[in-house]
Amino acid sequence: MTVDRTHRSPTIEARDLARTGRLKIRWHDWLAHAPERIPDGTPVADEIEGMMLGLAIGDALGNTTESTNPSIRRARYGWIEGYLPNPHADGMPVGLPSDDSQLALRTLEHLVEHGHLEPQMLGLRLAEGRIFGIGQATRQWLAAFKGGSPWYAAGAPSAGNGALMRIAPVLIPHVAHPSRDLWADTLLAAHLTHDDELSNVSCVAMVDALWRAIATDGPVPRGWWLDRWLEVCDALSTGAAYAARNDHPPGFVGTISDLLRGHVAPALERELDVDAAGDIWHSGAYLLETVPTVLYVLERFGDDPPEAIVQAVNQTRDNDTIAAVVGAVAGALHGASALPREWIDGLTGRTAEDDDHRVFDLLQKAGHRFGYGSSPLVSERAVRYRSPLVARGGVDAPTSLDPSSC
């Protein structure tokens with residue numbers, strides 16, 4: 001298989017794509033600096049497992065009531081604090097994946113296999129098999145990518161949250177050896193599916209937040225999330241303006257920084273409930289809605305991971321993705337040990353239809369591959385994983401590309 005790289009150095013590759021206008025971002029000196037080394041003694045395994053399990057839990061808690069107005073959801077289901085009965089699991093209240101955790105875990109699988117990011121190969125892995133609840137932009141990317149477009153030209157022109165929701169594992173290969181290539185890998189992975197500046201900037205800000213969370217012994221002060229996100233956006237944005245959808249906020253046209261300063265910061269000062277804040281800027285899949293909602297939840301509840309995830313599940317519209325992103329960041333700060341055991345135990349650990357415990361198998365393999373180890377909890381669940389094909393007496397082979405299943 002041809003890797004189809006434009007350059008072997010991720011940073012040079014991303015910079016060249018940006019300078020030709022192919023990759024939409026302002027190439028700033030900020031991108032030339034490696035993140036700070038994670039301090040010795042940091043429980044890296046617990047925090048990376050917290051990041052990935054928080055993502056999977058947030059997705060699973062939210063995806064049974066996705067895209068529902070919060071007030072209607074509460075009237076129908078009450079305050080959701082656990083997995084709802086799922087028709088895809090014979091009505092049992094267990095945690096199943098949707099596209100959020102599926103694509104994040106396919107990204108992790110790619111990294112474990114290759115040891116580093118290869119955009120073309122990542123595209124092939126993301127495109128394998130069925131994707132549950134696939135978004136419009138990802139569907140558009142799939143059509144272009146499977147139709148023969150090179151990886152760097154296949155992305156959909158969309159400011160949806162489909163790249164943000166799967167970007168977390170990109171940092172894992174860099175944990176032991178931080179370099180500026182972390183930011184380049186983030187941009188290449190984001191640009192693969194979403195050809196948009198707001199998506200690119202948001203993904204870099206997200207990975208920066210996750211890295212700082214892993215490196216920090218929480219709790220953190222008010223403003224810790226918002227101020228740094230603004231710093232990254234101010235550095236990397238070209239100033240391209242985005243218009244609000246659904247007139248939330250009314251008449252808004254501007255940058256994400258304009259929205260964060262003009263609407264999120266004042267809402268935090270007023271300590272509005274999450275759904276009331278979401279009424280100002282909406283809380284859907286558009287990044288001009290997702291990003292402010294994620295930051296609002298983190299600023300209000302980020303030092304209490306279960307509460308942060310539950311707030312995102314109950315009080316937002318695109319609740320599976322927002323809860324997945326919130327869960328990833330809060331999990332990275334506090335670790336898997338801070339997540340309720342019943343949520344972890346209730347996860348099927350699937351990444352597909354019938355590969356129970358696969359999440360834990362991948363986490364264990366990632367810990368071994370990248371040298372930070374794994375927790376007893378993950379190791380215990382990982383040994384239960386059996387490839388569905390192996391379990392049926394077949395061979396463990398990758399699923400073939402089937403456009404009809406995506």
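A charge is said to sit over a ring if NZ of Lys or CZ of Arg is within 6 Å of the ring centre and within 35 degrees of the ring normal. In this predicted model, the charged end of Arg212 sits in that way over the ring of Trp224, 3.9 Å from the ring's centre. A second case is found at Tyr286, where the charged end of Arg245 sits over the ring at 3.8 Å from its centre. The two cases are set out below.

| Charged residue | Ring beneath the charge | Distance to ring centre |
|---|---|---|
| Arg212 | Trp224 | 3.9 Å |
| Arg245 | Tyr286 | 3.8 Å |

Rings can also pair with one another, and such a pair is described by the distance of the centres and the angle of the planes. The structure holds five aromatic pairs. One of them joins Trp141 and Phe145, whose ring centres are 5.1 Å apart and whose planes meet at 25°, so this pair counts as stacked, the cut-off being under 30 degrees. Both residues belong to helix H6, which covers residues 136-146, and because they are four residues apart in this helix, about one helical turn separates them. Trp141 and Phe145 are each buried. Trp224, already met beneath Arg212, pairs with Trp225: their ring centres lie 4.8 Å apart with the planes at 90°, so this pair is edge-to-face. Trp224 and Trp225 are likewise both buried.

Helix H6 also takes part in the second largest pocket, which holds about 440 Å³ of space. This pocket is lined by 26 residues, and those nearest its centre are Gly135, Gln136, Ala137, Gly160 and Ala285. H4 and H6 are the elements that give two or more residues to the lining, and H6 gives the most, with four residues.

What span should the 12 residues of helix H16, residues 358-369, have at 1.5 Å a residue? The expected value is 16 Å, because the rise is multiplied by one less than the number of residues, and the end C-alpha atoms of H16 are indeed 16 Å apart, which agrees. H16 is mostly covered, with nine of its 12 residues buried, including Val359, Phe360, Leu362 and Leu363, and also the charged-type names Arg358 and Asp361 in the list. The buried residues of H16 pack against helix H2 (44-62), helix H4 (99-114), helix H15 (341-346) and helix H17 (376-382). Just after H16, Gly371 takes a positive phi of about 80°.

Key
Residues numbered from 1 in each chain as written. Predicted model: local features only at pLDDT ≥ 70, side-chain atom pairs only at ≥ 80, totals over all residues. Heavy atoms only, no water. Phe/Tyr/Trp six-rings, centres within 6.5 Å; stacked < 30°, edge-to-face > 60°. Buried < 20%, exposed > 50% of the residue type's maximum accessible area, 1.4 Å probe, protein only. Contact = heavy atoms within 4.5 Å. 1 Å grid on protein atoms, 1.4 Å probe; cavity = no way out; pocket = protein on both sides within 12 Å on 5 of 7 lines; lining within 4 Å. Points joined across faces, edges and corners; volume = space filled by probe spheres on them.
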